[in-house]
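This report describes selected helices, aromatic pairs, a metal site and some backbone features of one model. Please have the sequence and the structure open while reading.

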Amino acid sequence: MNFELILTIISLLIACLYFYFKNAFDYCKKIGVPTVPTSFLFGNIKSVVFRQQSISDKVAETYRLIKPSGYPITAVYFFVHPVFVPISLDLIKNIFLKDFHHFDDRGIFYDEDNDPVSAHLFSLYGDKWKTLRSKLTPAFTTGKIKFMFDLIQKNAKEMIDVLSEMTQINREVEIKDILARYTTDVIGNTAFGIECNSLRNPEAEFRVMGNRAFLQTKWDLIRNMIICASDKVAKVLRLSVFPKEVSKFFKKVLEETISYRENNNVMRKDFLQILIMLKNGQNLESNELNDQKITLNEALAQGFIFFLAGFETTSTSMGFAVFELALNEDIQEKARKEVFETLEKHNGEINYDFISELNYLDMVLAESMRKYPPAPAYCRKCTKDYQIPGTKTIIKKGMPLVIPTFALHRDPDYFPEPDVFNPERFNNTNKHNIKEFSYIPFGEGPRKCIGMKFATVQSKLALVVLLKSFKFKLSEKTKLPLKMETKGITLAPANGVWIEMERI
Ligand code: HEM
């Protein structure tokens, strides 16, 4: 081959590549959607790939840059694939609620045949999701959570015992880790029927596997990129969203516990019992048999997702609340005063009703989840072509979307001085002025978080026992402003939250 021919082939290849990328990056322009400039190969996520920025940060940055244009939607290019980001609250309302039938999928890969625990409530869509959601909803009623209150309380007491022992040796503790151990024990206790003991033993397998699920190694990143690029390839290669060792571990624990309970007629007031009842076709309210059974694999998958959806989100949200309470001593004192006054009213007894009466603590938690939403950006997939009202833009079936929760919560148009921690935004007068769909830590509409009440009770209880037992202030080890983790999908402080605690 002569030199000229080689040069021509290379030039042709470069030209093809150029037009391929140009065509891909022109997609949004062609449908009228404004975006920020892209860079070759990476689209808009070069800084995410090199871990200088998290995905939700990138989404929020794009939201802020495009919002002044007044267009209701923008997009972030993940390499050559645009992912839409709705900006206007009306459009967000349509996606969640009014036109939900166009967006009832999250686009999360699952493979029922090769990885049965991947077919859980979070990943299913269409009729399968709808049927399962209606079967599981009764498991999260106030009545069922009241039933589990004693189990949660036992873990809360254990947390205080462990903290008391720790602070006798060193008053500085990394509170996010302690809270993650508490939520691991609570969800292990309620969804798996197991005493995981991670508060006493941080190396407990449950804790290790929980951490592994949220740790993104390079291989996890590559695997998830393949999954995002093609469901079909992922299925042939038998890939799974979570590392195999994680799903295998949780599946085995659940199978063993279900079998133990069934063989020994053991009954417990927890989520696992509810899943066993559903598996056996028992009505959750009347105990009568019906044909609304779920399979063993379906029961295993739900136990798995209750753990994964529940432990990291709840512990980070509490961690941020403690961080702000440590920083704002007046707010901490006010919250503690409410706890002691309500305790007096209840003769020192902590129960579900006591927790429900803590209005100011609700405000503190709500403000903490506004400033630091544990799920800062979450996804949806368009399941039917959708024309954005008032525009000519059509979102095609199959296109992904990301809801920019963090950006909305820090938007000064909705929350003036958004970086200031001010629970009064949620007092009885002000909370009615919050614009609909601008505050969405748990999502909205039919796919809203099913575990919201459970998470709230668990978080409030932890804060009650902490406020009752300790005074806390920020340790010098916590550097301000708090640096956030750039890996992973939840919002988390990069170096934990170090607190100095003093026993009351
Ligand atoms: C502070 C704690 C929590 C936060 C901030 C949170 C947040 C969320 C968000 C944002 C969604 C997606 C909503 C949407 O797409 O519209 C979601 C869904 C979900 N969450 Fe939570 N969550 C929390 C705790 C929990 C707990 C404790 C459980 C279970 C025990 C749980 C189970 C689920 C499940 C199963 C779904 C999928 C629901 C469906 O698609 O039907 N979450 N959560």
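## Helix α4 and its surroundings

The residues of α4 that are buried (under 20% relative accessible area, with over 50% exposed and partly exposed in between, 1.4 Å probe, protein chains only) are Ser56, Lys58, Val59, Ala60, Thr62, Tyr63 and Ile66. The model is a predicted one, in which local features need pLDDT of at least 70 and side-chain atom pairs count only at pLDDT 80 or more, while totals for chains, interfaces and linings use all residues. Residues are numbered from 1 along each chain as its sequence is written, and side-chain values use heavy atoms, with hydrogens and water left out.

Helices (H or I, at least four residues) and strands (E, at least two) are DSSP runs, numbered from the N terminus. The cover over the buried residues of α4 includes α3 (46-49), β1 (73-78), β2 (81-86), β7 (400-403) and α18 (405-409). The expected span of a helix is 1.5 Å times one less than its number of residues. For the 12 residues of α4 (residues 55-66) that gives 16 Å, and the end C-alpha atoms are 17 Å apart, which agrees. Helix α7 (residues 142-169) has 28 residues and an expected span of 40 Å, in agreement with the 40 Å between its end C-alpha atoms. At Met148, α7 bends by about 40°, the bend being the angle between axes fitted to the seven residues ending there and the seven starting there.

## Aromatic pairs

Rings of Phe, Tyr and Trp (its six-membered ring) pair if their centres lie within 6.5 Å; planes under 30 degrees apart count as stacked, over 60 as edge-to-face and the rest as tilted. The count by this rule is 31 aromatic pairs. Two of them are tabulated here.

| Pair | Centre distance | Plane angle | Class |
|---|---|---|---|
| Phe96 and Phe437 | 6.2 Å | 25° | stacked |
| Phe192 and Phe206 | 5.1 Å | 90° | edge-to-face |

Phe192 lies in the loop between α8 (175-191) and α9 (205-214), and Phe206 lies in helix α9, so their pair ties together parts that are 14 residues apart in sequence. Phe192 is buried at 0% relative accessibility, and Phe206 is buried at 5%. Both belong to a cluster linked by ring pairs, together with Phe242, Phe249, Phe250, Phe304, Phe307 and Phe311. Phe96 and Phe437 are also buried.

A charge sits over a ring if NZ of Lys or CZ of Arg is within 6 Å of the ring centre and within 35 degrees of the ring normal. Arg106 is placed in this way over Phe122, 4.0 Å from the ring centre. Arg503 has its charged end over the ring of Phe470, at 5.2 Å from the centre.

## Metal site and backbone features

Which residue is the only protein donor of the iron atom of the ligand? Cys449 fills that place through SG, at 2.3 Å. Donors are N, O and S atoms within 2.8 Å of the metal (3.2 Å for Na, K and Ca); water is not among the atoms, so sites may look incomplete. Cys449 is in the loop between α18 and α19.

Leu480 and Pro481 are joined by a cis peptide bond with omega of about -5°. Pro481 lies in the loop between β8 (470-474) and β9 (498-503).

Phe79, in the loop between β1 and β2, has a positive phi near 55° without being a glycine. Phe79 is partly exposed, with a relative accessible area of 26%. Asn197, in the loop between α8 and α9, is not a glycine but has a positive phi of about 60°. The relative accessible area of Asn197 is 42%, which makes Asn197 partly exposed.

Note on methods:
Contact means heavy atoms within 4.5 Å.
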